[in-house]
Amino acid sequence: MDEPTTVLRDEHVLILRALDLLETAAARATGGSHVDDDWWARLVAWLRGFADRNHHHKEERLLFPAMERAGVPAAGGPIGVMLEEHAEGRALIVAMETTAGADRVGNVRRYVRLLRAHIDKENDVLFPIADSVIDDTTRLALTRDFSAMADELGRDASLAWAEAELTGIAAALNVPAEGASHQA
């Protein structure tokens, strides 16, 4: 079984691919190309299911409380910042879903900037803290709890499904699955 923070880092790889696709779509929309509303809806659904309902909930319901029990403060520390950014990301997902044209593109760009910085903070700061303060017993419990959450969520927690869905979303945008570029 993978370490809890390894699981979360692996999920970050797919979330970053989704951000690449968002950037590509935003650049196309800015350049005057039409990006179908169904495409936006499909990617927003992926973000809600895999990135939020699966990934963020593992952090909020399992990892962050374990870190707090190990002495990492929630308020005024890195956990509090991550929680605020999760809330901001959820608001931006709603904004992407409920706007169109230049407003949607602006919301996409804000979301992409937020999540790229957020992922960097988690990978470079928060997860190393977690790895240093969480003991082996808690680490094993988190691994079991991550697995139980994945069983409960089913498809939305599957790396294979998430990757296959992103491949389909990329194909609908006529880009290779990993070929979207960073264009913010």
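The exercises below, each with a worked solution, concern the fold and the internal spaces of a predicted model.

**Exercise 1. Determine which secondary-structure elements make up the protein and how its overall dimensions compare with the globule rule.**

Solution. Begin with the inventory of elements, which comprises six helices and zero strands, so that along the sequence the pattern reads α-α-α-α-α-α. The next step is the radius of gyration, which is 17 Å and lies close to the 16 Å that the globule rule gives for 184 residues, so the protein is as compact as a globular protein of that length. Finally, consider the extent along the principal axes, where the C-alpha atoms fill a box of roughly 55 × 35 × 25 Å.

**Exercise 2. Describe how the chain is packed, using burial, contacts and exposed area.**

Solution. Start with burial, for which the cut-off is under 20% relative accessible area; of the 184 residues, 46% count as buried. Turn then to the contacts with a separation of 6 or more, of which 81% are accounted for by residues 24 or more positions apart. The last step concerns the surface, since the protein exposes about 8,600 Å², and carbon and sulfur atoms supply 52% of that area.

**Exercise 3. Locate the largest pocket and characterise its lining.**

Solution. The volume of the largest pocket is about 220 Å³, and its lining consists of 15 residues. Those that lie nearest the centre of the pocket are Val7, Lys58, Phe146, Ser147 and Ala150. To place the lining on the fold, note that α1 (4–30) and α5 (136–153) each supply at least two of its residues. Sorting the lining by class then gives seven nonpolar, three polar and five charged residues.

**Exercise 4. Establish how many cavities of 30 Å³ or more there are, and work out which residues and helices line the largest cavity.**

Solution. The count comes to one cavity of 30 Å³ or more, and the space in the largest cavity is about 40 Å³. Its lining is formed by Asp52, His56, His86, Gly89, Arg90, Ile93, Tyr111 and Leu115. Assigning the lining to the fold, one finds that α2 (37–69), α3 (78–98) and α4 (101–133) each supply at least two residues, while the largest share, four residues, comes from α3. In the final step the lining residues are sorted by class, which yields three nonpolar, three polar and two charged residues.

Terms used. Residues are numbered from 1 along each chain as its sequence is written. This is a predicted model: local features need pLDDT of at least 70, side-chain atom pairs count only at pLDDT 80 or more; totals for chains, interfaces and linings use all residues. Side-chain values use heavy atoms; hydrogens and water are left out. On a 1 Å grid over the protein atoms alone, a cavity is a set of points where a 1.4 Å probe fits but cannot get out, and a pocket is an open set with protein on both sides within 12 Å along at least five of seven lines; lining residues have an atom within 4 Å of a point. Grid points are joined across faces, edges and corners, and a volume is the space filled by probe spheres set on the points. Ala, Val, Leu, Ile, Met, Phe, Trp, Tyr, Cys and Pro count as nonpolar, Asp, Glu, Lys and Arg as charged, and the others, Gly among them, as polar. The radius of gyration is taken over C-alpha atoms; the globule rule is 2.2 Å times the number of residues to the power 0.38. Buried means under 20% relative accessible area, exposed over 50%, partly exposed in between (1.4 Å probe, protein chains only). Contact means heavy atoms within 4.5 Å. Accessible areas come from the Shrake-Rupley method with a 1.4 Å probe; for residues, only the protein chains shown count as cover.
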